[in-house]
Each structure stands twice: as structure tokens, then as C-alpha cells.
Amino acid sequence: MARVDAGALWAGACDAARRVCEAVGVRLHRDGSRRDTSRRHVAPNLGVHDIAIDLGTANTVVYVSGRGIVAAEPSVVAVDSLSGEVQAVGVEAERMIGRTPATISATRPLRHGVIADFAVTEQMLRYFIARAFDRRWAHPRVIVCAPSGVTEVEKRAVEEAALAAGARRVHLIEEPIAAAIGAGLRIEEPVGRMVLDIGGGTSEVAVISLGAIVVSRSVRVGGYEMDDAISHYLREAYQLAIGSQTAEAIKLQIGSAAPLADELTTGVRGRHLVTGLPTEVPLRSEEVREAIHAPLEEILRAIEDTLEDTPPELAGDIAREGLLLAGGGTLLPGLARLVSARTGMAVTLADSPLTCVAIGSGQALEHFDQFATRLPPRR
Ligand code: ADP
Ligand code: MG
């Protein structure tokens, strides 16, 4: 995105967020889909700030009002399967994946954007809330991001997990809306804007106008499916077994969505499936591109399907405004070029694709009361 004065950008974004909240509030009030979940025994606000949590399949990013982003760590929890005790969360737990003794399991409690293990998600949220406030029992008001494609039951699970983890009140915000606010798009205007978010386990495409999602598609394909495709390729082509972290490292090192000016090569270490011995093979960036072709195609199809369903006026706006890319998966070199070539649209990468959802939710936090006062707390 074009560089502008940070202070002016921030002021503009806050102003946009206020108007978005108004627009979203009115819409949600009308269709009854407004979400506001409260703890039954509400402690008065003891000076604890509000927080926004981008609860992603791959990473959890925490934003505290007035302070900005205070934590960004992998959504991984290591649990002792005998005692049920949490051994580690975040970066430390991620290092344990694939390296734990039988009694400890290091897992990702979310799959494809939704909670797969409720109890572990609750523990993880508890850890992040405590980290944000440097104390164990904080009861902040919390905004959590949820993918737009999830069901009511799945949304409810996120709310319940946040409440169980200590939140005093919880609101959900749809991820593409948060991404757009975080990237500074003026989504409250009656103008169509399109966002593509590629996360670890999901990719979402959404067309937003007047602060709400008009059309969206969510596919269960993200960065991890690309990693799996790389592992699969190495098995097939070289009879080499590698772990998921090695596959991701290959993608980060030499992965691309479109031809590179200088193609790259790296050595990959793994276990040979026939001899069983540790083996190293050279791997070229062209091979990685070929390996991740299928998941990328699925994401491109989701964009095309969304465009097909977009009302003509908004399609006209999008053709003029272009497409915003957010989420860690959009950092893949050449992705913007590929999407632009396929759709014929201008494509812009958010300034900080890994954190713009949390930043956008954080800006919505500034107006938590506007959310809260429009709907009575659920009993
Ligand atoms: P989520 O919202 O699901 O937590 P994120 O937006 O944090 O996901 O993105 C995580 C995904 O982005 C991972 O699959 C990771 O491998 C991928 N990713 C991060 N950086 C890059 C990069 N430079 N190139 C390609 N993929 C990347
Ligand atoms: Mg995400």
C-alpha cells in the first residue's frame, strides 16, 4: 500500500472504525444477528483495558486498547496427557510439535478457523489474556475475530471459550471486516471492497460495502495445505518423509506462486522411505511451485466464484478499487502477481498481513460501548 503519514493514517482509521461500528451496529440491530455475550456476575471494570484477539488457526495476535499489539504467537498448546496440565503455549509449544515424548501432546486447538478442542482453546485464551495483563485473573472485555464462514454453533463456541478463559464480555467480529479496517479501507462507504485473507487453515474472500459483508466464500485451504502439498511432493518424487515444520520452512525459504527472477534451490533433510536413513536432497523453487499449484488453484477459484456472485454495481467498484490481500499466506512471493493476472484486477498487499486483522479488531475496540449498548446482554 502507498506509504502515508502514520498519525494521519491512524486518525483516519479510528474515524473509519467509528463509522463502521455505527454502520455495523445498525445493520446487526435490524437483522437480530448482533452478538453480545456477558458474564453473569460482572465485576466492575477494575481498570483493565479491553482487548482484541485474532484467534487464528496458525497464530493468535493480541491487541490491548491504548497499547497496541502485545502478543503474537503460534496457536499451539502442549498438554501433559496424564495430568491434563498445560506444559507450554505459543512459541515454546510450537517448538515441541513432533518432538514430544508419548505423555505430552503439542497440538493446535483450532482447525480450519474453528475450535476443534474446546478445553485446550480455553486454556490458550487464558494464557493470552493473562500475558496481555501480566496477571492471572484479568476480566477484560474482549473482541474476538471469527472467520465469516463459520456456523452459529462454532461462533458460540468461541464466545464460550473466551468467557470461560476470563473475559467479562465478548463480541465477535468477522475476520474480513477486521482485516479491511486494519488495512485502512473505508468500508463504511457505499462502495464495494474486496478482501482475500489466506490463513493457516482457511482462505476467505469477501466483498464488503456499508460496513457489512455482501458476498463471501470461505475455503478450507490455507498455508498448511500448501505445506502438506510440499510434503506429498517430496514423498512422491524423492521418497523422502519430512515433518510439517520442515515443509513450512521450505515454503518460506523458496516457495512462490509465480516465476521468480532468480529461481532458488535448497537442501531438504528427511528420512528416506525405502532405506529408513536420514537423507538430504536438493529441491528447486520450480518444484515447490508445482507442488502447491492445487491449493493455490482452489483459492483462485474461490475469488472467481465470489466475483460471479457479486452484484454488478459492487463488481464495478471492485474493478476500480482492486483487491486487498491479508493473512500470512498472502506473503508468498508472486501471489499478488498471480491473483492479478488471473482476475485482471489491481491487487494490494496489506502493510502488515499477519497483524492487520488484530489491528482492525483493536480499532473496533475503541467503540466497544457502541456495540454493547445497542443490544441488551444475553441471559
Ligand atoms: P491464521 O489467521 O490462520 O492464524 P496467519 O494469517 O497467521 O494464519 O498466517 C499463517 C500462515 O501464513 C501459515 O501457514 C504460514 O506458513 C504462512 N506464512 C507466513 N509467512 C509466510 C511467507 N512469507 N510466505 C508464505 N507463507 C507464509
Ligand atoms: Mg487469520
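This text walks through a three-stranded sheet, two helices, a ligand shell and one buried leucine. The model is predicted.

Start with the sheet. Strands 15, 16 and 17 form an open sheet, in the order 15-16-17. The pairing is antiparallel. Strand 15 covers residues 240–241, and strand 17 covers 278–284. Both stand at the edges with a single partner strand each, so one side of each has no neighbour in the sheet. Strand 16 spans residues 265–272 and is joined to strand 15 by two bridges. Those two strands run antiparallel. Look at Leu-240 for one of the pairings: its bridge partner in strand 16 is His-272.

A helix packs on this sheet. Helix 7, residues 244–254, touches strand 16 and strand 17. The direction of helix 7 makes about 170° with that of strand 16.

Helix 7 also meets helix 6. The two pack with their axes 8 Å apart, at an angle of about 100°. Angles of 65 to 115 degrees count as roughly perpendicular, so helix 6 is roughly perpendicular to helix 7. Which residues of helix 6 meet helix 7? They are Met-226, Asp-227, Ile-230 and Ser-231. On the side of helix 7, the residues are Ser-244, Ala-247, Glu-248, Ile-250 and Lys-251. By type, this contact holds four nonpolar, two polar and three charged residues.

Both helices reach the ligand. Helix 6 (223–238) and helix 7 each supply at least two residues of the shell around ligand 1. Which element gives the largest share of that shell? Helix 7 does, with three residues. There are 20 residues around ligand 1. Nearest are Gly-56, Ala-58, Gly-199, Gly-223 and Gly-328. Polar residues number twelve in this shell, alongside six nonpolar and two charged.

Now move to strand 18, residues 323–326, where Leu-325 lies. Is Leu-325 buried or exposed? It has 24 C-beta neighbours inside 10 Å. A residue with 20 or more counts as buried, so Leu-325 is buried. Leaving aside residues up to four places away in sequence, Leu-325 touches Leu-196, Thr-330, Leu-335, Ala-336, Val-347, Thr-348, Leu-349, Ala-350 and Pro-353. Take Leu-335 from that list. Leu-335 is ten residues from Leu-325 along the chain, and their C-alpha atoms are separated by 9.3 Å.

How values were computed. Residues numbered from 1 in each chain as written. Chains lettered and ligands numbered in written order. Predicted model: local features only at pLDDT ≥ 70, side-chain atom pairs only at ≥ 80, totals over all residues. Pairing = 2+ DSSP bridges. Helix = DSSP H or I, 4+ residues; strand = E, 2+ residues; numbered from the N terminus. Contact = placed C-beta atoms within 7 Å. Axes fitted to C-alpha atoms, helices over the stretch in contact; angles between N-to-C directions. Near = placed C-beta within 6 Å. Nonpolar A, V, L, I, M, F, W, Y, C, P; charged D, E, K, R; others polar. Parallel < 35°, antiparallel > 145°, perpendicular 65-115°, else oblique. Buried ≥ 20, exposed ≤ 12 C-beta atoms within 10 Å, placed from the backbone.
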